[in-house]
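New to this structure? Have a look around first, and then we'll walk through the sheet and one residue beside it.

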Amino acid sequence: MNILVIDSQGGGMGRQLVSAVKERLPHAHVTAVGTNSTATAAMLRAGADVAATGENAVIVGCRRADVIVGPIGIVIADALYGEVTPAMAVAVGQSRARRVLIPVNHCDNIVAGVAEQSLGSLIESALTHMKGLE
């Protein structure tokens, strides 16, 4: 299974996702793409198999992924303080991959009906869904 992890800003969520995926789904090939080099570096240190940075890396990664995982903002143009470009959001949205979106209420995007949860419990839920896709 080819898993694409996309994150922005400092890469904290992506770092935790990569680490958890590598631990719980050790056979998975994890590609980490950061919207900036700080996010990419954090995910690479967490154990991603390969990593890249920027808009084109997201577009290419979305074509190759079986599963895309990241904060819900990766499907919203200009989200995550403007780090998600319209082309990135389209690439994620139009990908044939299954998307596992983590519902974080940040950057002026609120997911109604979703209770506030710790990042750890959100990542655990994402992993449960990814294991079901194997």
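Before we start, one term: two strands count as paired if DSSP finds at least two bridges between them. What you see is a predicted model.

With that in mind, Thr31 stands opposite Val50 in β3. The strands involved, β2 (residues 29-34) and β3, run parallel and are joined over four bridges.

Zooming out, the sheet is an open one with five strands, paired in parallel and ordered β3-β2-β1-β4-β5. At its edges are β3 (50-53) and β5 (98-102), and each has a single partner strand, so one side of each goes without a neighbour in the sheet. On average, neighbouring strands here are turned by 20° against each other, ignoring direction.

Next come two helices that meet this sheet:

| Helix | Strands touched or crossed | Angle to β1 |
|---|---|---|
| α1 (residues 12-24) | packs on the sheet, touching β1, β2, β4 and β5 | about 160° |
| α3 (residues 55-64) | lies across β1, β2, β3 and β4 | about 155° |

Now for a single residue. Thr40 sits in helix α2 (residues 37-45). Is Thr40 buried or exposed? Its relative accessibility is 7%, so Thr40 counts as buried, because anything under 20% does.

What does Thr40 touch, apart from its neighbours within four places in sequence? The contacts are Val33, Gly34, Ala51, Ala52 and Thr53. With Thr53 there is also a polar contact of 2.7 Å, made between the two side chains.

Conventions
Residues numbered from 1 in each chain as written. Predicted model: local features only at pLDDT ≥ 70, side-chain atom pairs only at ≥ 80, totals over all residues. Heavy atoms only, no water. Helix = DSSP H or I, 4+ residues; strand = E, 2+ residues; numbered from the N terminus. Buried < 20%, exposed > 50% of the residue type's maximum accessible area, 1.4 Å probe, protein only. Polar contact = N/O pair within 3.5 Å; in protein donor to acceptor, adjacent residues only side chain to side chain. Contact = heavy atoms within 4.5 Å. Axes fitted to C-alpha atoms, helices over the stretch in contact; angles between N-to-C directions.
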